[in-house]
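Biologist: I would like a close look at a single part of this protein. Please take one helix and walk me through its side chains. Tell me also how far to trust the model there.

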Amino acid sequence: SSKVRNLEEQSADDVAVLEDCVDFSLTKTISKIEEKLDRGGLPDCPDDDILPSFGNEIGAEVQIRLLKAKLRVTQEELDHVVCECRKKDDENQNLKSQLKDTEQENARLQRTTSMQHSQLEKYKMLSQEASKKSKGLQQEVIALEKVLQ
């Protein structure tokens, strides 16, 4: 009951509103509910669990205060979730940027590796040619040594 008293004492004027959401459906829903309350109340919904079971025993003003307090808490939670969502979006953008940079670095390294591989093949061929030439010259040296002897 102290929790209910605390909620009753809170002012309904400090209801949190999302300023940056132009067409926010929760705000429209709240306005519609307030209009219906001003016109004479909302139809009773037995399955509605917004107010606890003692909701029928308290006055309409207290119910409105309680609902507005719950609404404010819900809006604060929504603001928190929206804030977290924005943080996640920012983090996602940073990760996308890092991924792009990493992919570019990967492509650059692959080009470098490909170029080095082709140079390696070129030098292998030059080495094989030089080796053949060296063997040929060694055989020529051996033949010339035999001629000299």
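Modeller: What follows is a walk along helix α3, with a short look at the rest of the chain for context.

Start with confidence. This is a predicted model. The protein averages a pLDDT of 79, and 70% of the residues score at least 70. Among its elements, helix α3, residues 60-148, has the highest mean pLDDT, at 94. Helix α1, residues 2-9, has the lowest, at 42. Over residues 1-23 the pLDDT is below 50, and this stretch has 25 contacts in the model beyond near neighbours in sequence. Where pLDDT is low, the predicted coordinates should not be read in detail.

Now the overall form of α3. The helix has 89 residues, and at 1.5 Å a residue these should span 132 Å. The end C-alpha atoms are 127 Å apart in the model, which agrees with the expected span.

Which residues of α3 are buried? They are L66, A69, L71, R72, Q75 and V82. Note the arginine in that list. R72 has a relative accessible area of 8%, so it falls under the 20% cut-off for buried.

That arginine leads to the salt bridges. The structure holds four of them. Side chains of opposite charge can pair when their charged atoms come close. Three of the pairs in α3 are worth a look, taken in chain order.

Begin with R65 and E61. Their side chains meet in a salt bridge, at 3.9 Å from N to O. The cut-off is 4 Å, so this pair counts. R65 and E61 are four residues apart in helix α3, so about one helical turn separates them. R65 is partly exposed, at 37% relative accessibility. E61 is also partly exposed, with a relative accessible area of 48%.

Next come R72 and E76. Their side chains form a salt bridge at 3.3 Å, N to O. Being four residues apart in α3, R72 and E76 are again separated by about one helical turn. Here the two partners sit in different classes of exposure: R72 is buried, at 8%, whereas E76 is partly exposed, at 41%.

Further along are E105 and R108. Their salt bridge is 2.5 Å, N to O. This pair is three residues apart in helix α3, so about one helical turn lies between E105 and R108. E105 is partly exposed, at 36% relative accessibility. R108 is partly exposed as well, at 38%.

Now the cysteines. A disulfide is a covalent bond between the sulfur atoms of two cysteines. The model has zero disulfides. C83 is in no disulfide, and its nearest cysteine sulfur, that of C85, is 9.9 Å away. C85 is in no disulfide either; for C85 the nearest cysteine sulfur is that of C83, 9.9 Å away. The cut-off is 2.5 Å, so this pair does not qualify. Both residues are partly exposed: C83 has a relative accessible area of 36%, and C85 has 42%.

One last point links α3 to another helix. E34 lies in helix α2, residues 25-39. The C-alpha atoms of E34 and I64 are separated by 9.1 Å, although the two residues are 30 apart along the chain. E34 is partly exposed, at 33% relative accessibility.

Methods. Residues are numbered from 1 along each chain as its sequence is written. This is a predicted model: local features need pLDDT of at least 70, side-chain atom pairs count only at pLDDT 80 or more; totals for chains, interfaces and linings use all residues. Side-chain values use heavy atoms; hydrogens and water are left out. pLDDT is the predictor's confidence in each residue, from 0 to 100. Helices (H or I, at least four residues) and strands (E, at least two) are DSSP runs, numbered from the N terminus. Contact means heavy atoms within 4.5 Å. Buried means under 20% relative accessible area, exposed over 50%, partly exposed in between (1.4 Å probe, protein chains only). The expected span of a helix is 1.5 Å times one less than its number of residues.
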